Amino acid sequence: MFNPISVIEKKRDNEVLTCEEIDAMVAGFTDGSVKDYQMSSFNMAVCCRGMIDREISDMTAAMLASGSRLKRVSDRPRVDKHSTGGLGDKTSLILAPLLACCGLDVPMLSGRGLGITGGTLDKLEAIPGYRTNLSQDEINSQLKSIFCVITGTTKDIVPADRMLYALRDVTGTVPSIPLITSSIMSKKMAESLDALALDVKFGSGAFMKTRELAEQLASSLIRVGESFEVKTTAQLNDMNFPLGQMVGNLNEVLESIDVLQGRGPASVTKLTNELCADLLISCQIFDDRQQALSRLETLLNDGTAYEHFEKMVAAQSGRLSDLPTLAKSHDFKATHHGKLTRVDCYSVGMAVIALGGGRSEVGQAIDHRVGLQMLIEPGEIVAANQPLCKVFSDSSLRLETAQEWLNQAFQIQ
Ligand code: URA
């Protein structure tokens with residue numbers, strides 16, 4: 001008879017767990033025989049004591065085994081990208097159709113925003129009609145015809161992660177590298193991939209506040225990917241300033257369309273293309289990085305990538321021709337002359353939440369038409385009254401709260 005207490009005690013005493021013990025803990029939690037309070041003690045013990053690589057891989061496998069995996073539908077290499085979150089990161093919307101044009105299958109199961117981190121599904125739902133709840137059959141048939149899909153996880157993909165994440169969220173056990181790694185990688189491994197590109201962020205707008213912590217997370221994610229024989233690469237990217245100009249939902253879709261049409265901000269185009277190049281090289285579509293990057297540029301500039309995005313959106317019932325307009329635009333201006341030394345991403349994210357464009361609780365409805373457009377970057381000199389960003393909002397009350405956050409965000413010296 002399995003005794004969860006003995007496993008919790010072992011971890012508390014810093015002993016290494018066997019694969020069977022980890023399997024029993026995760027399977028028991030998923031079927032209800034291991035109670036919430038036992039699982040949260042286990043999570044806390046992992047938070048404090050950590051796990052060795054083998055335990056993290058076993059934890060990932062145990063979580064993966066709690067549900068089903070997507071089926072492969074073709075011989076094309078199958079890839080995905082995961083970003084650890086941040087502000088203004090709309091690379092997924094561009095990367096999936098772009099890689100589909102390069103001969104890869106991209107079965108992207110994405111999430112929603114929570115806290116200051118935006119969510120790909122929320123952004124795509126700014127497109128009227130876009131469905132983010134495709135069944136596994138629908139995912140498979142779209143992959144066969146269009147080679148890419150961006151949708152939410154289905155209920156039978158890694159149910160253990162949904163339950164564990166909800167528990168971690170309310171028990172202070174989210175920030176643990178072994179728990180984050182197994183949570184992210186179990187969902188990615190359920191996509192049956194050949195290669196995965198990771199974009200691990202660090203800074204004021206990221207989960208990992210320092211580059212060192214981001215490096216540790218990236219190494220842990222790579223080691224687990226490799227243990228599943230998935231070619232896994234990682235980039236570390238600075239999230240001390242939002243990516244691109246737009247932060248929100250509808251405005252990020254508009255900026256993604258600009259990138260897909262070859263006229264988006266250089267920062268978004270560059271990051272997307274670098275992540276795509278990682279995958280094209282992992283899958284041996286190119287062995288020269290410059291050639292891969294130049295092919296990607298061509299696909300963005302000649303309209304091929306945008307045409308493919310239109311196909312993906314239409315296949316998921318989205319109507320690009322019915323995009324709404326952004327909420328009313330207001331300038332947020334500098335109070336005095338000086339140099340913009342820092343933009344605190346956390347406060348920028350809180351401004352978007354105050355506008356109604358993000359969530360402070362799971363399940364909250366969001367307003368897709370609100371958001372921000374950043375107009376200057378750290379290091380630039382600003383004049384008094386110069387607009388620092390545009391704020392899109394139809395509510396003067398919300399606008400006022402957002403402005404309070406923005407006052408804290410921009411540091412001018
Ligand atoms: N994203 C996930 O999917 N899981 C975590 O634990 C943290 C970030």
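These legends accompany close-up views of a predicted model.

**View 1. Helix α7 and its two sides.** Let's start with α7, which spans residues 136-146 and has Q136, I139, N140, Q142, L143 and I146 as its buried residues. Looking down the axis of α7, you will find these buried residues within an arc of 165°, so they line one face of the helix. An α-helix has 3.6 residues a turn, so residues three or four places apart point the same way. D137, K144 and S145 are exposed on the other side of α7.

**View 2. The surroundings of α7.** Here the buried residues of α7 pack against two helices, α5 (91-100) and α14 (304-315), and against the strands β2 (106-110) and β3 (148-152). After α7 comes F147, with a positive phi near 75°.

**View 3. L99 in the largest nonpolar core.** This core has 80 residues, and L99, F309, L372 and F410 are those with the most contacts inside it. Beyond its neighbours within four places in sequence, L99 touches V79, L104, V106, C276, L279 and L280. Another core, of 48 residues, lies apart from the largest one; V7, V34, M51 and I157 are among its members.

**View 4. A three-stranded open sheet with a helix across it.** The strand order is β10-β8-β12, and the pairing is antiparallel. β10 (381-382) and β12 (410-412) are the edge strands, each with a single partner, so one side of each has no neighbour in the sheet. Strand β8 (residues 338-343) is joined to β10 by two bridges, and G338 sits opposite V382 of β10. Helix α16 (residues 396-409) lies across β8 and β12, at about 45° to β12.

Methods. Residues are numbered from 1 along each chain as its sequence is written. This is a predicted model: local features need pLDDT of at least 70, side-chain atom pairs count only at pLDDT 80 or more; totals for chains, interfaces and linings use all residues. Side-chain values use heavy atoms; hydrogens and water are left out. Buried means under 20% relative accessible area, exposed over 50%, partly exposed in between (1.4 Å probe, protein chains only). Helices (H or I, at least four residues) and strands (E, at least two) are DSSP runs, numbered from the N terminus. The arc is that of the directions from the helix axis to the C-beta atoms. Contact means heavy atoms within 4.5 Å. A nonpolar core is a set of buried Ala, Val, Leu, Ile, Met, Phe, Trp, Tyr and Cys residues joined through side-chain atoms within 4.5 Å. Two strands pair if DSSP finds at least two bridges between them. Axes are lines fitted to C-alpha atoms, for helices over the stretch in contact, and angles run from 0 to 180 degrees between N-to-C directions.
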